[in-house]
Amino acid sequence: GEVYFPISEFAKLNKRLKKDGQPTFANPRNAAAGAVRQLDPAVTASRKLSFYAWDLVTDLGQKTHAEEWEMLRQMGIPVTPKTALASSTDEVKIFWQKMQKQRDKLNYWIDGTVIRVNYNRAYQELGVVGKTPRGLVAWKFAAEEATTVIEDVEWFVGRTRALTPVAVVRPTSIAGTTVKHASLHNADEIKRLDAHIGDTVILYKAGDIIPKIKEVLPNLRPKNARAIHPPTKCPVCGSLTERREDEVAVYCTNKRCFAQERENLLHAARAFGIDGIGPAVVAALMDNKIVQSTPELFTLKAEDLLELERFANVSANKLVDEIQSKKEISLDKFLVGLGIRHVGDETARLLAQEFGTLDCIIAASADELVGVEGIGEVVGQSIADYFADDHHLELIEQFRNNGVSILPVEPRAKGALSGKSFVLTGTLALISREEAKEKIRALGGDPSESVSKKTSYLVVGENPGSKFDKAKKLGVSVLTEKEFLVMIRR
């Protein structure tokens, strides 16, 4: 479900804060997020947050999502009354339009409606793409817009040392918040917008959250407007910048840039699942030279944290205990935590399954990496380049020396389906998609989402989609569900 801050309670909180001479919150979303992150539960309780349940995980025999919601209601667990069961996309559209008109009258913020397949079996069989279920989609409302002026441009250095431009704009209110910055993405986007410092621009919030510049109003450009150019030196460490061949971004050339280390530390903390480490904590640790790289997190002691404003005995010990409890990590999550370019959750899982240990991945050549189903030349070369860098190898050794244990993965079974890749399409009647994929993996095969020349078999259920047509064009062998079940000897 979802925790939210009722607008009426939010207004009361801000009124109390203002009366006490304390800073007020910009909007209910920020206040709710801050409340659930509080280390002191009494502060969280005082905020009078509310909750709506979205899903019932326990199997009570329910066959549809609508049945789940009725069960939740009967149990006394709140679900939103603003819901409808639709039998066509036209009915969905009517509901979406109705909610767009009602959104300002609700006691909580919304930025769209969510449409979900009602029948749970169909929802499960549709599967997921990455982390996104195919049986669920959000229809967003039109973004609120406002005009403002670009007063300056700041360049931020990220985890890959890429410099990202952010416009500093004249403060303006949009979608309930005061906006002072807006994303410009990269140099090509600046060129496309023809944006200058001093320009009047139309600002909007994507999903009511991220401020972006929609367009520039050139007729209002002042005579003293200045063109925006990528910096020739890194704004953080002063090193030269470069624009790589066939790439849009500009990069800092210093492999040990302070800004990169800061972003790497944040990224790794998320991969390790360490709670309590956010941007403010990382900045404090690095500014005070308590921690300079991610492996050093695992040597932290409570007394180190007591030097910082945010920490007392209880909170310092709590964070240290949290970090120590996360010293054991799966191989795929560790690979994600390293921040290798182009390596996300799915690629990390493929690498872990194929090679089993980190040392085997480090020793693999670019050709061997590209030979893994689902890893192309660009990604394979990026992985090989990362492990060819002595600095990265030293970093991994520091993790190990500081007590981090990287759990190996059992080598993929060499079974009847070894060396074969499978794509599933249509509705399977006798086995779920996830069960089919697990069986393929257990027998040494590779389940894949897209049809290519490398695909060995396409398994076809009822109402197959475009994958069926593509498979026929490429000459890929097609199996019915029953033929597939015979192949896996179910």
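In the predicted model, valine 236 has contacts beyond its immediate sequence neighbours. Leaving aside residues within four places in sequence, valine 236 touches Val157, Cys257, Phe258 and Ala259. Valine 236 sits in the loop that joins β13 (226–227) to β14 (241–243). Its relative accessible area is 38%, so valine 236 is classed as partly exposed. The distance to alanine 195 was also computed. Valine 236 and alanine 195 are 41 residues apart along the chain, and their C-alpha atoms are separated by 24 Å.

The protein as a whole contains 20 helices and 21 strands. Its C-alpha trace spans about 70 × 60 × 55 Å along the principal axes. Of the 490 residues, 41% are buried. Contacts between residues at least 6 apart in sequence were also examined. Of these, 58% join residues at least 24 apart.

Phe258, one of the contacts of valine 236, also takes part in a helix pair. Helix α8 covers residues 258–272, and helix α9 covers residues 279–287. Packed helices are described by the angle and the distance between their axes. The axes of α8 and α9 come within 10 Å and cross at roughly 135°. That angle makes α8 oblique to α9. The crossing is right-handed. On the α8 side, the contact is formed by Phe258, Glu261, Arg262, Leu265 and Leu266. These residues meet Pro279, Val282, Met286 and Asp287 of α9. By class, the contact has six nonpolar and three charged residues, with no polar ones.

The buried residues of α9 are Val281, Val282, Ala284, Leu285 and Met286. Val282 and Met286 also belong to the contact with α8. The packing partners of the buried α9 residues are α8, α10 (302–305) and α11 (313–324). Just after α9, lysine 289 adopts a positive phi of about 55°.

Positive phi values were found at two loop positions as well. Most residues other than glycine have a negative phi. Arginine 161 is not a glycine, yet its phi is positive, at about 70°. Arginine 161 lies in the loop between β7 (145–157) and β8 (162–174). Its relative accessibility is 11%, so arginine 161 counts as buried. Histidine 342 is likewise not a glycine and has a positive phi of about 75°. The loop that holds histidine 342 runs between α12 (331–337) and α13 (345–355). With a relative accessible area of 41%, histidine 342 is partly exposed.

Helices α12 and α13 also help to cover α16. Helix α16 spans residues 377–387. Its buried residues are Val379, Gly380, Ser382, Ile383, Ala384, Tyr386 and Phe387. The cover over these residues includes α12, α13, α14 (358–363), α15 (366–370) and α17 (390–401).

A separate loop holds arginine 37. This residue lies between α2 (28–36) and α3 (41–46). Arginine 37 is exposed, with a relative accessible area of 65%. Its C-alpha is 9.4 Å from that of aspartate 275, although the two residues are 238 apart in sequence.

Towards the C terminus, four strands form an open sheet in the order β19-β18-β20-β21, with parallel pairing. Strands β19 (446–448) and β21 (477–480) stand at the edges. Each has a single partner strand, so one side of each is left without a neighbour in the sheet. Neighbouring strands of this sheet are turned by 30° against each other on average, direction ignored.

Strands of a sheet pair through backbone hydrogen bonds. Strand β18 (residues 421–425) pairs with strand β20 (residues 457–460) in the parallel sense, over four bridges. Within this pairing, phenylalanine 422 has tyrosine 457 in β20 as its bridge partner.

Two helices lie across strands of this sheet. Helix α18 (residues 433–442) lies across β18 and β19 and runs at about 170° to β18. Helix α19 (residues 466–474) lies across β18, β20 and β21. The angle of α19 to β20 is about 145°.

How values were computed:
Residues numbered from 1 in each chain as written. Predicted model: local features only at pLDDT ≥ 70, side-chain atom pairs only at ≥ 80, totals over all residues. Heavy atoms only, no water. Axes fitted to C-alpha atoms, helices over the stretch in contact; angles between N-to-C directions. Parallel < 35°, antiparallel > 145°, perpendicular 65-115°, else oblique. Left-handed = near helix turned anticlockwise from the far one by under 90°. Contact = heavy atoms within 4.5 Å. Nonpolar A, V, L, I, M, F, W, Y, C, P; charged D, E, K, R; others polar. Buried < 20%, exposed > 50% of the residue type's maximum accessible area, 1.4 Å probe, protein only. Pairing = 2+ DSSP bridges.
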